[in-house]
Amino acid sequence: MNRTLTNAMNILMLKKEIKISLVCMLMIFAGRSVSQSKEGASKPNIIFILADDLGYGDISTYNEESKIKTKNIDQLASHGVKFTDAHTSSAVCTPTRYGILTGRYNWRSTLKKHVLFGYSKALIPESRKTIAGFLKENGYKTAGIGKWHLGWDWNNIEAGNSLVDFSQKVKNGPTTRGFDYWYGFNGSLDMAPYVWIENDQPTMVPNKLTENTGQAMWRKGLTSDDFVHEQVLPDITKKTIDFIGENANKEQPFFLYLPLPAPHTPILPTPEFQGKSGLENPYGDFVLMVDDVVGQIMEALEMQGIAENTMLIFTSDNGCSNQADFDQLVTKGHDPSYVFRGHKADIFEGGHRVPFIVRWPAEVQPGSSDQLLCTTDFFATVADALDLRASVTDQMAEDSYSFLPALNLPSEAPVRSSIVHHSINGSFAYRTGDYKTIMCPGSGGWSYPRPNAPEIADLPKIQLYNLATDIGEMDNLFPSQSGIVEKHKQELTKIIKDGRSTAGTPQKNDGPEVWSQLWWLME
């Protein structure tokens with residue numbers, strides 16, 4: 001009797017153990033399934049918003065004296081990391097965009113100064129890997145919406161601008177440079193032709209000429225009926241919201257590059273924003289319109305439930321343009337350049353120091369960073385965040401440093417300790433620590449003293465500033481600190497000749513080995 005009971009109990013215990021084991025196994029498999037599912041969805045969506053000609057001092061979280069209250073961008077900053085020492089690779093449009101997409105200093109391209117225009121051919125060669133192409137190869141859906149300004153080849157452009165066939169597709173556009181989808185236009189919003197391109201196809205053949213003047217200026221040129229300057233920013237915003245809605249919560253993550261055409265000229269706030277800034281200047285109203293676009297994008301991410309694991313970056317392509325009317329704004333107590341000297345196009349800080357905000361709630365705690373940063377660093381940072389550093393070859397992102405450590409995320413990547421600046425006329429500056437050496441006598445751009453102005457002849461051909469004690473760049477320490485200048489010359493020369501500023505095999509710059517702005521190499 002006892003033996004029978006014991007056997008029965010043993011059988012029951014064995015069944016219970018088997019049941020528990022099966023449950024454990026199911027839990028393990030379920031856990032693996034969940035883990036794999038999470039792992040598959042762990043790659044963040046990435047959105048890069050690039051404002052156009054927005055000043056550091058236009059954002060109220062960056063400028064305590066700002067008279068423009070950018071509530072949405074301020075909110076983005078309060079939930080992310082706000083960089084205070086971030087710089088564009090150039091003080092103007094086209095070169096900075098080249099640097100963002102390639103991770104390479106813009107002056108390594110064939111464009112050594114100035115910008116492209118609406119009929120310009122493609123600047124980025126097909127052999128050059130962009131961040132869009134890199135992410136596409138690593139499982140991302142890639143899209144760009146807005147202002148390209150890196151050139152593409154209009155059909156029959158070889159015969160001249162007036163003979164372009166707008167009924168045919170363009171060549172060497174964004175879809176051949178890593179983007180699965182593109183909707184936008186070729187130059188700035190003041191550069192003809194004014195034609196939308198969806199993927200490679202013009203959406204409509206232009207059939208009229210338009211032109212405008214003043215702060216709402218755009219150059220005379222061919223315009224299609226569906227291209228309405230006043231509605232371009234709203235059109236881009238709607239396309240962006242639609243893209244987010246269509247691609248949210250899918251297994252495939254997305255990268256969205258959003259180069260806005262504002263607040264660049266033509267300065268065209270829509271009726272609901274006119275007068276909203278209280279500055280009696282449409283520029284302030286247009287900045288608020290840009291701020292609203294950022295708010296709409298943040299709201300769309302929340303509505304779709306993907307804000308948590310979306311890396312959202314906001315910055316500008318250079319400093320504020322003088323077309324904003326600085327003289328009028330100062331009467332209202334507002335300075336788009338904040339405490340910095342100069343503005344768009346200049347080698348001075350006002351030309352290239354920009355707001356730069358990164359929000360990624362799933363991984364990044366809010367804060368502020370004074371880490372030196374260049375917009376070329378986007379490429380390496382994304383590769384680092386996705387654990388793809390080993391996939392970045394020596395022929396890619398030669399001037400890109402990961403700023404992941406500044407986001408308090410683990411990284412073994414080296415940190416940026418120097419930076420090369422570049423102005424519209426191709427002048428160079430080089431900075432390490434607090435010291436900045438400028439290799440030209442004036443602004444190198446549009447502010448006083450301008451290149452080729454009579455007063456330039458009486459100025460030293462080199463400028464050296466200690467930004468820690470002289471952020472306004474007023475006290476030229478050259479030649480009293482010639483030792484620093486010589487050290488900077490040597491380091492800058494090496495960066496130029498090596499074809500890279502990061503570690504790796506030396507590369508060749510595009511175009512000539514030496515050009516006129518490298519005057520010290522020809523002495």
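These are my notebook entries on ring pairs, helix packing and backbone details in a predicted model.

**Entry 1, aromatic pairs**

I started with the rings and found that the structure holds 29 aromatic pairs. I then looked at F185 and W196, whose ring centres lie 5.8 Å apart with the planes at 75°, so I noted this pair as edge-to-face, given that angles over 60 degrees fall in that class. I looked up where the two residues sit: F185 is in strand β4 (residues 181-185) and W196 is in the loop between β4 and β5 (197-198), so the pair ties together parts that are eleven residues apart in sequence. For the accessibility of the two, I read 3% for F185, which therefore counts as buried, and 1% for W196, which therefore counts as buried as well, the limit being under 20% relative accessible area.

I turned next to F255 and F378, where the centres are 5.9 Å apart and the planes stand at 35°, so the pair is tilted. This pair links distant parts of the chain, since F255 belongs to strand β9 (residues 254-259) and F378 to helix α9 (residues 378-385), 123 residues apart. I recorded both F255 and F378 as buried. I also followed the ring pairs outward from these two residues and arrived at a cluster that links F48, W148, F179, W182, F255, Y257 and F378.

**Entry 2, charges over rings**

I looked for charged side chains above ring faces and noted K112, which lies over the face of W515 at 3.9 Å from the ring centre. I noted R341 too, which lies over the face of F348, at 3.9 Å from the ring centre.

**Entry 3, helix α6 and its partners**

I examined helix α2 (residues 71-78) against helix α6 (residues 282-303), and found their axes 7 Å apart and packed at an angle of about 50°; the two helices are therefore oblique to each other. On the α2 side I listed K71, N72, I73, Q75 and L76, which meet D291, D292, V294, G295 and M298 of α6. Sorted by class, the residues of this contact divide into four nonpolar, three polar and three charged.

I then took helix α5 (residues 232-247), whose axis comes within 10 Å of that of α6 and crosses it at roughly 10°, so α5 and α6 are roughly parallel to each other. From α5 the contact uses L233, P234, T237, T240, I241 and I244, and from α6 it uses F286, M289, V293, Q296, I297, A300 and L301. I counted the classes here as ten nonpolar, three polar and no charged residues.

**Entry 4, helix α9**

Having met F378 in the ring cluster, I went through the whole of its helix and found α9 mostly covered, with seven of its eight residues buried. I wrote the buried ones down as F378, F379, A380, T381, V382, A383 and D384. When I asked what covers them, the elements I found included β1 (45-51), α3 (93-102), α4 (131-137), β9, β10 (310-316) and β13 (373-374). Just after α9, I came upon D387, which takes a positive phi of about 60°.

**Entry 5, K169**

I placed K169 in the loop between β3 (141-147) and β4. Leaving aside its neighbours within four places in sequence, I found K169 in contact with N155, D200, Q201 and P202. I also checked K169 against L373, 204 residues further along the chain, and found their C-alpha atoms separated by 38 Å.

**Entry 6, backbone details**

I searched for cis peptide bonds and recorded the one from A262 to P263, with omega near 5°, where P263 is in the loop between β9 and α6. I recorded another joining T265 and P266, with omega about 0°, and P266 likewise lies in the loop between β9 and α6.

For positive phi outside glycine, I noted H114, with a value near 65°, in the loop between α3 and α4; with a relative accessible area of 40%, H114 is partly exposed. I noted A397 as well, which has a positive phi of about 50° although it is not a glycine, and which lies in the loop between α9 and β14 (418-422). With a relative accessible area of 5%, A397 is buried.

How values were computed
Residues are numbered from 1 along each chain as its sequence is written. This is a predicted model: local features need pLDDT of at least 70, side-chain atom pairs count only at pLDDT 80 or more; totals for chains, interfaces and linings use all residues. Side-chain values use heavy atoms; hydrogens and water are left out. Rings of Phe, Tyr and Trp (its six-membered ring) pair if their centres lie within 6.5 Å; planes under 30 degrees apart count as stacked, over 60 as edge-to-face and the rest as tilted. Buried means under 20% relative accessible area, exposed over 50%, partly exposed in between (1.4 Å probe, protein chains only). A charge sits over a ring if NZ of Lys or CZ of Arg is within 6 Å of the ring centre and within 35 degrees of the ring normal. Axes are lines fitted to C-alpha atoms, for helices over the stretch in contact, and angles run from 0 to 180 degrees between N-to-C directions. Angles under 35 degrees count as roughly parallel, over 145 as roughly antiparallel, 65 to 115 as roughly perpendicular and the rest as oblique. Contact means heavy atoms within 4.5 Å. Ala, Val, Leu, Ile, Met, Phe, Trp, Tyr, Cys and Pro count as nonpolar, Asp, Glu, Lys and Arg as charged, and the others, Gly among them, as polar.
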